[in-house]
Amino acid sequence: MDHKTTNEQKIISGFSKLSKVGKLKWLAENFFKDPQSTIEELRSYWHSDDDQQKILDGFSENTISNFPMPFGVAPNFLIDGKPYAVPMVIEESSVVAAASMAAKYWMSRGGFKTTILGTIKIGQVHFKWFGGKELFIKIFPQIKADLIQEAKSITANMDKRGGGILDIELLDFTEKEDGLYQLRCSFETCDSMGANFINSVLEQFGKSLQTFIFNHPSTSAQSNQLMVIMCILSNFTPDCLVRAEVSCPISELGTMGFDLDAEAFAYKFWTAIRIAEIDPYRATTHNKGIFNGIDAVVLATGNDFRAIEACGHAYAAKDGQYKSLSHCSIEDDVFRFWIDMPLAVGTVGGLTNLHPIAKKSLELLGNPTAEELMKVIAVTGLAQNFAAIRSLITTGIQSGHMKMHLVNILHQLKARDNEIENAVEYFSDKVVSFSAVRDFLEA
Ligand code: MEV
């Protein structure tokens, strides 16, 4: 096989039309030093069952292989009195270990409590209207009724499941942009995340709005004064919200094996949360730690982690400044730690039922409803945050993190099994660094 390297040869038209092997060959020949071994390596990650591979290929386009990620489990979560083993897909060392530690710690202190504060999803029809504000406001009740009626064929099934369209509001943005209005629509999508449902309804709303304006006697003469700009769900769902919390008397916090009594621990912990409420630089890292847990469960259950992240960060900035998503209080000698987390997730539809491992994750969680999954995800985020802050205010994170990372370094240095065993033992009471591990192996 020739190894071609000119820039021209790295450009192709019709890539998507090549077979999978064709794509792989073209890429290997034009972008990799050793095409044959590249093809073999990437092919080795293909699923051994063709039908399973077809399902995976169906999720995306131009697929050439699968990208493995570790599928871990954090056991011992007690949530509202029910035990869970939580599935987590994450590549960062020590995240699953940290979640497991926090789960076990709170299990013996009553576990996690949760409350669903809302399940409303949002969609928007953005449009321009220059045919008169008063007139539009006057006919809006008729428009609203018409839009809901015209979407009935799309909403029938969701209506039967107890969901559907909750409301359509007219919002006026004309002070910021000439002629700009919005239909802000709220939905209940039951156990599905509902993106396809909401977007289909919104696109129908856009068409029905145009038809209404075109046909209605008071607006037909100025139907050219309407321009529907776009119809799309909003990933900001502040009313699809779950609270997860833990609490216990300060005395029950224990010393946690560190040189810190329970009271000092509580005070340091509370202050760490305060810092993340005050300073966006710290809040970003703090919330990243929360998303270490949240994203891992969202991914494992086949949900859309980009949507969850975008919403979480927008929620963290809802008061005008980016802040911590978690909060802490110490009142009457009781330590309380909680998070209010917007989580628009589903347990039916989308990838949740297609991805073979997502299905297993959901089974591991007892095939939860969307609300139950919201609870598990928020709890995992809180547990992750607890573990991170606990490390930060005591030992620092590097000792635990680097211990977990030690095995990665050993693999990178191609250590043999017995060397790995010896290194783990040797570094059990020493600082891990890449050079220290290399020196150890060389010695
Ligand atoms: C690392 O992935 C996450 C932390 O930085 C979170 C935090 O600082 O709170 C440890």
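Author: A salt bridge is taken here as a side-chain nitrogen of Lys or Arg lying within 4 Å of a carboxyl oxygen of Asp or Glu. The structure discussed below is a predicted model.

Reader: With that rule in hand, how many salt bridges does a search of the whole structure find?

Author: The side chains of Lys128 and Glu177 provide one of them, with N and O 2.6 Å apart, and Arg306 with Asp304 provides another, at 3.4 Å from N to O. When the whole structure is searched, the number of salt bridges found is 15.

Reader: Lys128 and Glu177 are tied together by their salt bridge; how many residues apart in sequence are the parts that the pair joins?

Author: The side chains of Lys128 and Glu177 meet at 2.6 Å, N to O. Lys128 belongs to strand β4 whereas Glu177 sits in the loop between β5 and β6, so the salt bridge ties together parts of the chain whose separation in sequence is 49 residues.

Reader: Is Lys128 buried or exposed?

Author: The cut-off that matters is that buried means under 20% relative accessible area. The partner Glu177, at 36% relative accessibility, counts as partly exposed. Lys128 has a relative accessible area of 17%, and therefore Lys128 is buried.

Reader: Which residue forms a salt bridge with Asp429?

Author: Asp429 counts as exposed because its relative accessibility is 62%. The partner has its closest N and O atoms 3.0 Å from those of Asp429, and that partner is Lys430.

Reader: Over the face of which residue does Lys430 lie?

Author: Lys430 counts as partly exposed, since its relative accessibility is 32%. Besides its salt bridge with Asp429, Lys430 lies 4.2 Å from the centre of a ring whose face it covers, and the residue that carries this ring is Tyr426.

Reader: Turning to the strands, how many of the residues of strand β6 are buried?

Author: Strand β6 (residues 180-188) is joined to strand β4 (residues 121-129) by 8 bridges, the two running antiparallel, and 8 bridges also join it to strand β5 (residues 164-172), again in antiparallel fashion. Strand β6 is mostly covered, and of its 9 residues the number buried is 7.

Reader: Which residue in β6 stands opposite Ile165?

Author: The pairing of β4 with β6 places Phe127 opposite Tyr181. In the antiparallel pairing of β5 with β6, the residue of β6 that stands opposite Ile165 is Phe187.

Reader: Why is the pair of Phe269 and Phe335 described by the term it is given, and what is that term?

Author: A pair of aromatic rings is described by the distance of the centres and the angle of the planes. By the ring-pair rule the count comes to 22 aromatic pairs. The rings of Phe269 and Phe335 have centres 5.2 Å apart and planes at 80°, and because planes over 60 degrees apart take this name, the pair is edge-to-face.

Reader: How many residues apart are Phe269 and Phe335, the pair that links distant parts of the chain?

Author: Both Phe269 and Phe335 are buried. Phe269 lies in helix α8 (residues 262-278) and Phe335 in strand β10 (residues 334-342), and the separation between them is 66 residues.

Reader: Which residue lies over the face of Tyr105?

Author: Tyr105 is part of a cluster linked by ring pairs, whose members are Tyr105, Trp106, Phe265, Phe269, Phe335, Phe337 and Phe386. The residue over the face of Tyr105, at 3.7 Å from the ring centre, is Arg109.

Reader: What accessible area do Met227, Ile229, Met230 and Ile232 have together?

Author: Met227 lies in strand β7 (residues 226-234), and because its relative accessibility is 52% it counts as exposed. Together with Ile229, Met230 and Ile232 it forms a nonpolar patch on the surface, with an accessible area of about 370 Å².

Reader: Asp80 is not a glycine; what is its positive phi?

Author: Asp80 is found in the loop between β1 (71-79) and β2 (82-89), and at 37% relative accessibility it counts as partly exposed. Although Asp80 is not a glycine, its phi is positive, at about 50°.

Reader: Where is the place of Lys414?

Author: Lys414 also is not a glycine and has a positive phi, of about 60°. Its relative accessible area is 71%, so Lys414 is exposed. Its place is in the loop between α13 (398-412) and α14 (417-426).

Notes: Residues are numbered from 1 along each chain as its sequence is written. This is a predicted model: local features need pLDDT of at least 70, side-chain atom pairs count only at pLDDT 80 or more; totals for chains, interfaces and linings use all residues. Side-chain values use heavy atoms; hydrogens and water are left out. Buried means under 20% relative accessible area, exposed over 50%, partly exposed in between (1.4 Å probe, protein chains only). Helices (H or I, at least four residues) and strands (E, at least two) are DSSP runs, numbered from the N terminus. Two strands pair if DSSP finds at least two bridges between them. Rings of Phe, Tyr and Trp (its six-membered ring) pair if their centres lie within 6.5 Å; planes under 30 degrees apart count as stacked, over 60 as edge-to-face and the rest as tilted. A charge sits over a ring if NZ of Lys or CZ of Arg is within 6 Å of the ring centre and within 35 degrees of the ring normal. Patches are made of residues with over 30% relative accessible area and no salt bridge: like charges are joined within 9 Å, nonpolar side chains (Val, Leu, Ile, Met, Phe, Trp, Tyr) within 5 Å. Accessible areas come from the Shrake-Rupley method with a 1.4 Å probe; for residues, only the protein chains shown count as cover.
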